[in-house]
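Got your viewer open? Let's take a short walk through this one, selecting as we go.

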Amino acid sequence: MKRPLIAGLALALAATALPGTVEAAPQRAAKATALPPITIYHLEGRRSERIVWLMEELGLPYELEFKPADMAATSAALRGINPAMPVFPTVKYGDQVLVESGAIIDTIVNRHAPGRLTPPLNSPDYPYHLMWMHYAEGSLASRAIADYRVWMIKPPTERSRLVDSEQVVQFAEDYLAKHPWFGGAEFSTADIMMLFPLNFAMQLNIVDKDQFPNVNAWRTRIEARPAYKRMLAKARPRGMVGNLPALPRHAPAGPRASTPVR
Ligand SMILES: N[C@@H](CCC(=O)N[C@@H](CS)C(=O)NCC(=O)O)C(=O)O
């Protein structure tokens, strides 16, 4: 049977895998571009600590905008620059005003520190690193915060039949049984993303922190990092402000309700 010319050409090209095709291209580190001025709008103990910590890990310069132990003045400064979406972190990146810590981290690393704090793109660790980067906010923080808010209004009497805080933390616990970091073999920005919601879930008793020894051991390793300590010295010089109250105890253990999820 005669093959159409275009299809035949495509097959021949694929078979020879010329240099420059996607499959054959070796991994090249992209060139770092110059960092624009960065100002981090920050409040003690909030997700803005991720960006301060990232910059400390990378050794990149930044301005920190907050008034230690003064929530009112700190919030006023944030609302001044970002009245429509006043959340921490808000980052002034050159003349752009950005929110979403994961996107800010990816922008800074990909443009200004390519290849750092990220497993190689072709490594088995990369998909997991990216999964935890997104899991931190998409599954973990969202469920922990939802459970916390429900508890504050009406403490539940049984486990939810939906995926709940215990289950999202357990999934992280199981991964850490086989890997030292959420980036796999090495510390990565996924670890920076995961600390806030795991601390939130454990410190506020949304889950029983004693049930997650791998997460606790990982938190101890994080706390020993010099860049993490520098972040604490700069971003919490007078401790935490405006702590949320912890739940009296973690959500009830035991089996979930068996009704199927609708
Ligand atoms: N998904 C966002 C969440 C930002 C966020 O909600 N930050 C909290 C502090 S940790 C905040 O500013 N909350 C204020 C509010 O919700 O009014 C991120 O990762 O940056």
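A polar contact here means a pair of N or O atoms within 3.5 Å. Keep that cut-off in mind for the first stops, and remember that you're looking at a predicted model.

**Stop 1: the ligand's polar contacts.** Select the ligand and Arg 47. A polar atom in the Arg 47 side chain lies 3.4 Å from a ligand nitrogen, which is within the 3.5 Å cut-off. Now add Phe 88, and look at its backbone rather than its ring: a polar backbone atom there is 2.9 Å from a nitrogen of the ligand. Then pick Ser 101, where an N or O atom of the side chain comes to 2.6 Å from a ligand oxygen. How much of the ligand's area does the protein bury? On its own the ligand exposes 510 Å², and the protein buries 68% of that.

**Stop 2: the shell.** Zoom out a little and show what surrounds the ligand: Arg 46, Arg 47, Arg 50, Val 87, Phe 88, Pro 89, Glu 100, Ser 101, Glu 137 and Phe 196. Colour that shell by class and you'll get five charged, four nonpolar and one polar residue. If you have a surface switched on, find the largest pocket; that's where the ligand sits.

**Stop 3: a cis peptide.** Stay with two members of that shell, Phe 88 and Pro 89. The peptide bond from Phe 88 to Pro 89 is cis, with omega near 5 degrees. Trace the chain around Pro 89 and you'll see it in the loop between helix H3 (71-81) and strand E3 (90-93).

**Stop 4: a positive phi.** Next, go to the loop between strand E2 (63-65) and H3, and select Ala 69. What is its phi? Ala 69 isn't a glycine, yet its phi is positive, at about 60 degrees.

**Stop 5: aromatic pairs.** Last, show the aromatic rings. The structure holds 13 aromatic pairs. One of them joins Trp 132 and Phe 171, with ring centres 5.4 Å apart and planes at 45 degrees, a tilted arrangement. Follow the chain from each ring: Trp 132 belongs to helix H5 (residues 125-153) and Phe 171 to helix H6 (residues 165-176). The two are 39 residues apart, so this pair links distant parts of the chain.

Note on methods:
Residues are numbered from 1 along each chain as its sequence is written. This is a predicted model: local features need pLDDT of at least 70, side-chain atom pairs count only at pLDDT 80 or more; totals for chains, interfaces and linings use all residues. Side-chain values use heavy atoms; hydrogens and water are left out. A residue is near a molecule or strand if one of its heavy atoms lies within 4 Å of it. A polar contact is a pair of N or O atoms within 3.5 Å; within protein, one must be able to donate a hydrogen and the other to accept it, and residues adjacent in sequence count only if both atoms are side-chain atoms. Accessible areas come from the Shrake-Rupley method with a 1.4 Å probe; for residues, only the protein chains shown count as cover. On a 1 Å grid over the protein atoms alone, a cavity is a set of points where a 1.4 Å probe fits but cannot get out, and a pocket is an open set with protein on both sides within 12 Å along at least five of seven lines; lining residues have an atom within 4 Å of a point. A molecule sits in a cavity or pocket if more than half of its atoms lie within 2 Å of its grid points. Ala, Val, Leu, Ile, Met, Phe, Trp, Tyr, Cys and Pro count as nonpolar, Asp, Glu, Lys and Arg as charged, and the others, Gly among them, as polar. Rings of Phe, Tyr and Trp (its six-membered ring) pair if their centres lie within 6.5 Å; planes under 30 degrees apart count as stacked, over 60 as edge-to-face and the rest as tilted. Helices (H or I, at least four residues) and strands (E, at least two) are DSSP runs, numbered from the N terminus.
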